[in-house]
Amino acid sequence: MFNQYNLDEIRDRARAAFIGMAIGDALGATVEFMTASEIAAKYGIFRDIVGGGWLRLKPGQVTDDTEMALCIARAIVKTQGWSLEAVADNFAAWLKSRPVDCGDTCRKGIRAYLLHGRLESPPNEWDAGNGAAMRLLPAALFSLPDGELLKKYVIEQAHITHNNPVSDAACLCLGQLMHMAICGAEKSRLRRHVDGLVARFPTFNFVPYRGLATGYVVDTMQTVFHWFFRGRNFEECLVGTVNQGADADTTGAICGMLAGAYYGMDAIPKRWLKKMDSKVISEIESVVERLIMESPVGRTM
Ligand code: MN
Ligand code: MN
């Protein structure tokens, strides 16, 4: 049924997506909350993984973006299926472990699960942060290439903390872009898909680019789209994105997953890969293998 897919290529792109996300997180965290002009004054163009930043990270250390994605990935691997309770349990254990960072909306949603067992936040027009989008990659990998499963997993994981139509639209579009890129779609095809999102939700229009890269999911996605479609390789996409500053670890993480999926492992600069925490990279490699092999595309091969 899925014989038109090349499983080796899918594996490579899926691995590059997850590792690309972690690299974007570790790279961008150094300049999180700086403005683009502060970054330019301090670094010229910021392009190396050096740690530091407001969280005082070690070089190659990742933050909540990658950690929450790993929470979802581990829940799928452990239960060998989709269990929202297992995902929320992992979020809760992670929050109790005193993570280096956690967004306010994520914290609020996880606390509601801890206190009331609540798996779905009530709809909230203010919960349009990027916290649901940044962590959705495991849901996209585990549903490959089924669009209905993708929608269910992506939105259910989102609603644990973020229940908002703009966040939902961003999450679903990003999840679909991940499916398409991992299956080898051209950039022009991805661009048409984003144009479809903009037609339905004009707020995501990124032409002309306004240069905002805040934690508001609209600003985040505009920045990712602008630099992903403009960049000619993985490095250009990420460097452009994180040099916008603001929520640079999260824009970096999201651009890193998209550019990673699109360009594949060979395009990831070795100097960045070498700086990453090797324990995080080996866990990513092992969960990606499991997520792909247990996904619909993996199970028919
Ligand atoms: Mn972060
Ligand atoms: Mn962030």
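**Exercise 1.** In this predicted model, work out whether histidine 226 is buried or exposed.

*Solution.* Start by finding the residue: histidine 226 sits in helix H10, which spans residues 217–230. Next, take its relative accessible area, which is 13%. The cut-off for buried is under 20%, so histidine 226 counts as buried. Finally, look at who surrounds it: setting aside neighbours within four places in sequence, histidine 226 is in contact with Phe206 and Tyr209.

**Exercise 2.** Find out how the axes of H1 and H12 are oriented to each other.

*Solution.* Two packed helices are described by the angle and the distance between their axes. Here the axes of H1 and helix H12 (residues 248–263) come within 6 Å and cross at roughly 155 degrees. Angles over 145 degrees count as roughly antiparallel, and therefore H1 and H12 are roughly antiparallel to each other. Their crossing is right-handed. By class, ten nonpolar, six polar and three charged residues make up the contact of H1 with H12. Have a look at the residues that meet there: they include Gly20, Met21 and Gly24 from H1, and Gly252, Gly256 and Met257 from H12.

**Exercise 3.** Identify which residues touch the most other members of the largest nonpolar core, and which helix gives the most to this core.

*Solution.* The largest nonpolar core has 109 residues, and Phe18 and Met178 touch the most other members. Helix H1, residues 7–29, gives the most to this core, with twelve residues. Now zoom in on phenylalanine 18: leaving out residues up to four places away in sequence, its contacts include Ala69, Leu70, Leu137, Pro138, Ile284 and Leu291.

Key. Residues are numbered from 1 along each chain as its sequence is written. Chains are lettered from A and ligands numbered from 1 in the order in which they are written. This is a predicted model: local features need pLDDT of at least 70, side-chain atom pairs count only at pLDDT 80 or more; totals for chains, interfaces and linings use all residues. Side-chain values use heavy atoms; hydrogens and water are left out. A nonpolar core is a set of buried Ala, Val, Leu, Ile, Met, Phe, Trp, Tyr and Cys residues joined through side-chain atoms within 4.5 Å. Buried means under 20% relative accessible area, exposed over 50%, partly exposed in between (1.4 Å probe, protein chains only). Helices (H or I, at least four residues) and strands (E, at least two) are DSSP runs, numbered from the N terminus. Contact means heavy atoms within 4.5 Å. Axes are lines fitted to C-alpha atoms, for helices over the stretch in contact, and angles run from 0 to 180 degrees between N-to-C directions. Angles under 35 degrees count as roughly parallel, over 145 as roughly antiparallel, 65 to 115 as roughly perpendicular and the rest as oblique. A crossing is left-handed if the near helix is turned anticlockwise from the far one by less than a right angle, and right-handed if clockwise. Ala, Val, Leu, Ile, Met, Phe, Trp, Tyr, Cys and Pro count as nonpolar, Asp, Glu, Lys and Arg as charged, and the others, Gly among them, as polar.
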